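Reader: I am new to this structure and would like a close look at its pockets and cavities. Please take the largest pocket first and explain the terms as you go.

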Amino acid sequence: MTRQFVAAIDQGTTGTRCMVFDHAGREVGMSYKPHEQIMPRPGWVEHDPLEIWHAVQETVNGALSQARVDADQLIALGITNQRETTLVWNRRTGRPYHNAIVWQCMRTQEICHQLEADGLEGMIRDRTGLLISVYFSGPKIRWLLDNIPGLRQAAEEGDALFGTIDTWLIWNLTGGPQGGVHVTDVTNASRTLLMDIRRRQWDPELLAMLEIPPQMLPEIRPSSDSRTYGATPADLFGAPIPVCGCLGDQQGALVGQTCFLPGEAKNTYGTGSFLLMNTGSELVRSNNGLLTTLAYGLGDGTCAYALEGSIAVTGAAVQWLRDSLGLVQTAAETETLAATVEDTGGVYFVPAFSGLFAPYWDMYARGAILGLTGFASKAHLVRATLESICYSTRDVLQAMETDAQLELRALKVDGGAAANNLLMQIQSDVLNKSVIRPTVSETTALGSAYMAGLATGFWSGLDDLRQNWQVERTFTPAWNDARRAQAYAGWLKAVSRTRGWLSDEEHIPHA
């Protein structure tokens, strides 16, 4: 049977999706399954790795069934994933030693604080392109080694394997305890705080600094690998499927949006928001609180870098309105409710639930609602939530334009919240730029499918991929300059009130 489709597993913060694409980049089948958010303490977030692995198997089978496609019609399988989420498991049994520690988790504050106190910020930033933050994987590995009985010994003996979610899934997809391949790609490796971003290899000095045994770490491979990482056992989905494409989720969206030229950028609106700008083969350092990261790596040895601004809480703020406050029943209701008022009535909401990420990087900040008067209604608070997403994006984009020394003319958008027309219009108003939404909104999965398809020759090159990208709608600015300036000044004032809310002595203790 002719192999004419590519599948992609998109393992995200709140759930797992599998999508099947044809050569034109069109979705022909999809299956989704949410997973539990485990919060054992305030500020701690965990996932069950076995629940995620079972969800992957279920969604792959579900997507194939919906598409009416057999496994032997898939030319390749790609992976995209929540990036910094960290787990360690036993290579012989496949059993995790602990739940995965999610990228949002705050438990490594003390470890990060000690790294800062030791004066290592400059060295770490130079080697990795990253800042010292609870966000990244390295401190999470150190926490696990320090707190899980017997784990350090198992790691030193070579029995304990570390991985971000991509590594965990590839290992299981290619056989698990029966010969599973222990690899990651350059984009996920670049988010660990352990990789030399220039050499694209694990850095021995960084490993020693965090007391992490190097034998725990996966091999770093290209994002699109013609050698393939491995293949699924025939009995898993009905036929062997080459696994040969992998991207961290935000890099997946960058590729899915075909941002292959320096200066092209996208913003993904998910649990958090992530704005990435392709800087090409040039490694651009940030002086304005952004991260330097790998955009993708191809099998011929070429790679592209990117500047990234990460916003910890965007869609999660809408979930908070729904689940904790009960102001809406569904996320989609925010568009209708917010549209009933012309502005926020002077209300600003800074959802710094996990501190502030780019460009502030303040892990002691906490969320706040400011400017309340008796006039404020739930519609004003809902609109303030939407506007907070847009102001946070402006914070990042301004820093990005300064670092890259160019002005972005238009912003490509994707992710679940990009479907909210009011949010996208406000985003255009706040930025004073066009906002472009593509026909295929699930660009994260599409990007990893592209990497897998390139590896097998299903697509001939980047130009082939560009032909698939199509615009669904473009939003253009409607606010005047005075309103834009006044509204953003109020946001900056609100952010200043949230910063440094906790002192060093008040940070959340670890076990």
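Author: What follows describes the largest pocket, a helix pair that contributes to its lining, and then the other spaces.

The model is predicted, so local features need pLDDT of at least 70 and side-chain atom pairs count only at pLDDT 80 or more, while totals for chains, interfaces and linings use all residues. Residues are numbered from 1 along each chain as its sequence is written, and side-chain values use heavy atoms, with hydrogens and water left out.

First, the setting. The protein has 17 helices and 23 strands; these are DSSP runs numbered from the N terminus, helices being H or I over at least four residues and strands E over at least two. The C-alpha atoms fill a box of roughly 65 × 50 × 45 Å along the principal axes. For 511 residues, a compact globule would have a radius of gyration near 24 Å, and the value of 22 Å for the protein agrees with that. The radius is taken over C-alpha atoms, and the globule rule is 2.2 Å times the number of residues to the power 0.38.

The largest pocket has a volume of about 910 Å³. The search uses a 1 Å grid over the protein atoms alone: a pocket is an open set of points with protein on both sides within 12 Å along at least five of seven lines, a cavity is a set where a 1.4 Å probe fits but cannot get out, and lining residues have an atom within 4 Å of a point. Points are joined across faces, edges and corners, and a volume is the space filled by probe spheres set on the points.

Lining this pocket are 41 residues, with Y269, G270, T271, G416 and A417 nearest its centre. Elements giving two or more residues to the lining include β2 (15-21), α10 (249-256), β15 (265-269), α13 (378-404) and α15 (443-456). The most comes from α11, with 5 residues. By class, the lining holds 14 nonpolar, 19 polar and 8 charged residues. Here Ala, Val, Leu, Ile, Met, Phe, Trp, Tyr, Cys and Pro count as nonpolar, Asp, Glu, Lys and Arg as charged, and the others, Gly among them, as polar.

Two of these lining elements, α10 and α15, pack at an angle of about 80° with their axes 6 Å apart. The pair therefore counts as roughly perpendicular, a label for angles of 65 to 115 degrees. Axes are lines fitted to C-alpha atoms, for helices over the stretch in contact, and angles run from 0 to 180 degrees between N-to-C directions. On the α10 side the contact (heavy atoms within 4.5 Å) involves D249, G252, A253, V255 and G256, and on the α15 side T443, T444, L446, G447, Y450 and M451. This contact has 5 nonpolar, 5 polar and 1 charged residues.

The second largest pocket has a volume of about 570 Å³. Its lining has 22 residues, with M39, V45, Q104, A316 and F353 nearest the centre, and divides into 10 nonpolar, 9 polar and 3 charged.

Among closed spaces, the whole structure holds 2 cavities of 30 Å³ or more. The largest cavity has a volume of about 140 Å³, and I311, A312, L356, F357 and S392 lie nearest its centre among 15 lining residues. Its lining has 12 nonpolar, 2 polar and 1 charged residues. The second largest cavity holds about 30 Å³, and its lining has 4 nonpolar, 6 polar and no charged residues.

Terms used:
Parallel < 35°, antiparallel > 145°, perpendicular 65-115°, else oblique.
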